[in-house]
Structure formats: structure tokens, C-alpha cells
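Biologist: Hello! I would like a close look at one part of this model, and I would be glad if you could walk me through it.

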Amino acid sequence: MNEEAPMCCCGKAATIRTSWTDSNPGRRFSMCAAKVRETKKGFKGCQFWAWFDPAMCERSKAVIPGLLKSRNKLEKSVAKARQREKLKQKLMHEDMKERLVVLQKWHVLSYLASLFAHALEAWIFALGCLDHQLEWMCQME
Ligand SMILES: [Zn+2]
């Protein structure tokens, strides 16, 4: 099978593209490369256009569009699943951040509580010393 692109009327190798219409799914055609590139900027190529692959059999025309549709459907559901997973990850991340903030608050609170406990211990110790001193002074008298 000759896979070489034909020459267009400009004398250059034509571009080979693939049709995805229901009547010619996956059938390649060739057209002027300059026309393909210049469609948006204004026509500069020639009118050359020809099928590259031979005509498709009726069975292919019947089966391939169905396969394409089911593939597109699958791709859509994969994309949706990916989006759901991304959202789930985002929500989990936000939840973790909130939990971290709560943990940090608890950490600060427990630190303050331990400072308070130490101050209280020191205060009790000081009161004890004072008590002993008072007792001692009373005994002196
Ligand atoms: Zn051309």
C-alpha cells in the first residue's frame, strides 16, 4: 500500500487527515497543506481534496461510530471520576488543615496550663516556706 501523500495543485505534498464522521469514521483524506494552515488567515492554498483510504465497508461504517461513542462515554466518566477524586482530596486537605489548627490551639492551651501549674506549685512552695519561717519565728519568741 502506497502511504505517500499525493501532490496538491500547488505542487507540494498534501496533508493527510482523518475523518471522524459517522459515514467515514477513521477514513483518511488528503488536502492542500497550505489550505489547512491558512483557513483562518484567508485562503492561500488550492482546492485539492481526495480520499486517501479506500471506501469503507458497510460493516465498518456500522461498528466504528458505536465504538467511538462508547470510548467517548468512557473518557467522560473517567474525567468525571478524576474530578470527584480531586474534590475529595481538596476537602480532605481542608479538613486536615482545620484539625491541625485545633491541635495547635490545644497545644498552646496545654502549655499555658502547665505554666499556670508551675506558678501554682511555686506559690504553694513559697507559702510553705513562709509558714515554716513564721513557725520558727514564733518559737524564737
Ligand atoms: Zn495546494
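How many bridges join strand β2 to β3, and which way do the two strands run?

Modeller: Happy to help, and please keep in mind that this is a predicted model. Strand β2 covers residues 25-31, and 3 bridges join it to β3. The two strands run antiparallel. For a place to look within this pairing, find Ser-30, which stands opposite Ala-50 in β3.

Now to the sheet around that pair. It is an open sheet of 3 strands in the order β1-β2-β3, and the pairing is antiparallel. The edges are taken by β1 (15-20) and β3 (49-51), each of which has a single partner strand, so one side of each is left without a neighbour in the sheet. From one strand to the next, the twist averages 35°.

It also helps to see where these strands fall along the chain. The protein has 2 helices and 3 strands, and from the N terminus on, the elements run β-β-α-β-α. A helix therefore comes between the second and third strands in that order, going by the run of elements β-β-α-β-α.

Finally, here is the setting as a whole. The C-alpha trace spans about 130 × 35 × 25 Å along its principal axes. The radius of gyration is 41 Å, whereas a compact globule of 141 residues would have one near 14 Å. Buried residues make up 4% of the 141 residues. Of the contacts between residues at least 6 apart in sequence, 36% join residues at least 24 apart.

Notes: Residues numbered from 1 in each chain as written. Predicted model: local features only at pLDDT ≥ 70, side-chain atom pairs only at ≥ 80, totals over all residues. Helix = DSSP H or I, 4+ residues; strand = E, 2+ residues; numbered from the N terminus. Rg over C-alpha atoms; globule rule 2.2 N^0.38 Å. Buried ≥ 20, exposed ≤ 12 C-beta atoms within 10 Å, placed from the backbone. Contact = placed C-beta atoms within 7 Å. Pairing = 2+ DSSP bridges. Axes fitted to C-alpha atoms, helices over the stretch in contact; angles between N-to-C directions.
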